[in-house]
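Subject: Structure handover

Dear colleague,

I am passing this structure on to you, and I would be grateful if you looked through it alongside the notes below.

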Amino acid sequence: MASDRDPSITLRAGVEIIALALLPVDPSRQVYTILRKCFVDYFGEFLDSVFAEKSPEWRLKISQTQKRFEEVVSWVSPPYKPMTSEQALSLIDGASPAVWRDAVLRSVGKHPRRGQPRSKRHLAVWALDMKCLDPSLTLRAATDVLCPCGKATGQHTDKCREQLRQQINRLVKFLKTLGYDFTWERIGADGRRESE
Ligand SMILES: [Zn+2]
């Protein structure tokens with residue numbers, strides 16, 4: 001059926017609405033904001049490829065845009081269990097710059113999506129966003145706030161820190177493919193985050 005309307009415009013509007021529902025806008029979080037924009041862009045590209053005219057490369061193009069979209073989804077999807085405000089406060093008690101106390105508290109009460117494996121990737125996004133807000137943040141302090149192992153503040157092990165560090169490194173690598181340098185030490189040194 002022929003239509004005068006450009007279907008891609010309708011698609012993009014739908015993508016924006018889905019993004020708003022799934023990923024609330026939060027300008028205070030730099031890395032999250034970049035990933036959120038990628039989510040919108042890549043979702044749109046994926047849908048465009050699905051609805052594109054069928055050519056010999058059609059399926060390949062779909063699988064490429066899908067892969068790219070799923071990579072960014074893996075970083076921004078919030079699969080974590082909702083925290084109560086008491087849990088959140090106890091997590092950040094002690095070593096708690098006010099800026100990320102607010103940020104963590106804002107995530108309280110988000111609904112988990114049932115049936116999804118718990119990815120820890122979103123913790124790395126939090127870690128880098130906290131580091132941007134407070135460049136003096138140490139890996140130890142970030143682990144105390146973010147590690148999901150259940151240990152109390154100050155009780156997390158080298159293994160806890162190593163796991164978070166590895167996720168951060170993977171995220172930093174991914175962000176570099178997007179043209180951003182969020183290397184932990186670099187943020188600590190000068191707070192800069194964009195490649196020049
Ligand atoms: Zn731990």
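The notes that follow deal with confidence, then one helix, then one helix pair.

This is a predicted model, in which local features need pLDDT of at least 70 and side-chain atom pairs count only at pLDDT 80 or more, while totals for chains, interfaces and linings use all residues. Residues are numbered from 1 along each chain as its sequence is written.

The protein chain has a mean pLDDT (the predictor's confidence in each residue, from 0 to 100) of 78, and 70% of its residues reach 70 or more. Among its elements, helix H8 (residues 158-177) has the highest mean pLDDT, 96, and helix H5 (residues 98-106) the lowest, 52; helices here are DSSP runs (H or I, at least four residues), numbered from the N terminus.

Helix H2 (residues 30-50) has 21 residues and spans 30 Å from its first C-alpha to its last, close to the 30 Å expected at 1.5 Å a residue, where the expected span is 1.5 Å times one less than the number of residues. Its buried residues (20 or more other C-beta atoms, placed from the backbone, within 10 Å of their own) include Tyr32, Leu35, Phe39 and Phe46.

Helix H3 (residues 58-76) and helix H6 (residues 121-133) pack at an angle of about 70°, with their axes 6 Å apart; the axes are lines fitted to C-alpha atoms over the stretch in contact, and angles run from 0 to 180 degrees between N-to-C directions. The two helices, H3 and H6, are therefore roughly perpendicular to each other, a term that covers 65 to 115 degrees.

Best regards

Conventions. Angles under 35 degrees count as roughly parallel, over 145 as roughly antiparallel, 65 to 115 as roughly perpendicular and the rest as oblique. A residue is buried if 20 or more other C-beta atoms lie within 10 Å of its own, exposed if 12 or fewer, and partly exposed in between; C-beta atoms are placed from the backbone.
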